[in-house]
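Take a look at the fold below. The walk through it begins at one strand pairing and moves outward from there.

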Amino acid sequence: MADHPSLRAYLDSIPQSLLRVPAMSVLHEITALQYALEAQGRRPVVLVERPRLPDGSDSALPVVCNLTASRALTAAALGIADHRQAARAFAEMTAQPIAPI
């Protein structure tokens with residue numbers, strides 16, 4: 001299982017794969033950024049710290065996207081060292097479910 005008790009802890013653990021964007025509009029700009037990154041062959045997790053809402057105000061909540069854009073990052077989020085072992089590791093994890101809180 002992953003050693004990340006929260007999304008914040010996971011993001012802190014992948015600084016080399018995290019693209020921090022100070023501010024960006026939620027209308028088309030975030031998606032356009034993802035398309036541009038993909039065209040460059042880049043697949044970082046994107047953190048928009050102050051998303052700009054359609055009314056022009058800043059959101060109180062950041063936006064995180066591209067969390068599953070690469071197999072390696074998806075595996076890392078699940079605590080799997082080698083993404084090529086993800087199917088086996090996922091089968092093992094789902095065979096031992098965690099009780100709901």
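**From strand pairing to core**

Start with a single bridge: Leu18 has Val45 in E2 as its bridge partner. This is a predicted model. Leu18 belongs to strand E1, which spans residues 18-25. E1 and E2 run parallel, and seven bridges join them. The other pairing has the opposite sense. E2 and E3 run antiparallel, with three bridges between them. Here Val46 stands opposite Cys65 of E3. E2 thus pairs with E1 and with E3.

Now step back to the whole chain. The protein has four helices and three strands. Read from the N terminus, the elements follow the order α-β-α-β-β-α-α. The C-alpha atoms fill a box of roughly 45 × 35 × 20 Å along the principal axes. Of the 101 residues, 25% are buried. Sequence-distant contacts are well represented. Among contacts between residues at least 6 apart in sequence, 54% join residues at least 24 apart.

How do the two parallel strands connect? E1, H2 and E2 make up a β-α-β unit, and the unit is right-handed. The helix in the middle deserves a closer look.

Which residues of H2 are buried? They include Ile30, Leu33 and Leu37. These three cover an arc of only 55° around the axis, so they sit on the same side of H2. The other side of H2 carries Tyr35 and Ala39, both exposed. The cover over the buried residues of H2 includes E1, E2 and strand E3 (63-65). After H2 comes Gly41, with a positive phi near 75°.

Ile30 shows the packing residue by residue. Ile30 lies in helix H2. Its relative accessible area is 8%, which means that it counts as buried, the limit being under 20%. Setting aside neighbours within four places in sequence, Ile30 contacts Met24, Ser25, Val48, Val63 and Cys65. Ala72 gives a sense of distance. It is 42 residues from Ile30 along the chain, and the two C-alpha atoms are separated by 22 Å.

In soluble globular proteins, nonpolar side chains tend to be buried together. What makes up the largest nonpolar core here? It has eight residues: Val21, Met24, Ile30, Leu33, Leu37, Val46, Val48 and Cys65. E1, H2 and E2 are the elements that give two or more residues to this core. H2 gives the most, with three residues. Another core lies apart from this one. It has seven residues, among them Tyr10, Ile14, Val45 and Leu47.

Two residues named earlier can now be placed. Val46, which stands opposite Cys65 in E3, is in the largest core, as is Cys65. Val45, the bridge partner of Leu18, is in the other core.

Met24 is a member of the largest core. Not counting residues up to four places away in sequence, Met24 touches Glu29, Ile30, Leu33, Val48, Arg50, Pro51 and Arg52. Charged residues appear on that list too. They lead to the salt bridges.

Side chains of opposite charge can pair when their charged atoms come close. How many salt bridges does the model hold? The count comes to six. One of them joins Arg52 and Glu29, at 3.5 Å from N to O. Arg52 lies in strand E2 (residues 45-52) and Glu29 in helix H2 (residues 29-39), so this pair ties together parts that are 23 residues apart in sequence. Are these two side chains buried or exposed? Arg52 is partly exposed, at 31% relative accessibility. Glu29 is partly exposed as well, at 35%.

Arg50 pairs with Asp58 in another salt bridge, 3.9 Å from N to O. Arg50 has a relative accessible area of 41% and is partly exposed. Asp58 is partly exposed too, with 45%.

Asp82 and Arg84 form a further salt bridge, their closest N and O atoms being 3.0 Å apart. Asp82 is partly exposed at 25% relative accessibility. Arg84 reaches 65% and counts as exposed, since the cut-off for that class is over 50%.

To retrace the path: E1, H2 and E2 form the right-handed β-α-β unit. The same three elements each give two or more residues to the largest core. The Arg52 and Glu29 salt bridge then links strand E2 to helix H2.

Definitions and conventions:
Residues numbered from 1 in each chain as written. Predicted model: local features only at pLDDT ≥ 70, side-chain atom pairs only at ≥ 80, totals over all residues. Heavy atoms only, no water. Salt bridge = Lys/Arg side-chain N within 4 Å of Asp/Glu carboxyl O. Buried < 20%, exposed > 50% of the residue type's maximum accessible area, 1.4 Å probe, protein only. Core = buried A, V, L, I, M, F, W, Y, C linked by side-chain atoms within 4.5 Å. Contact = heavy atoms within 4.5 Å. Arc of directions from axis to C-beta. Pairing = 2+ DSSP bridges. Right-handed = clockwise from strand over helix to strand, strands pointing away.
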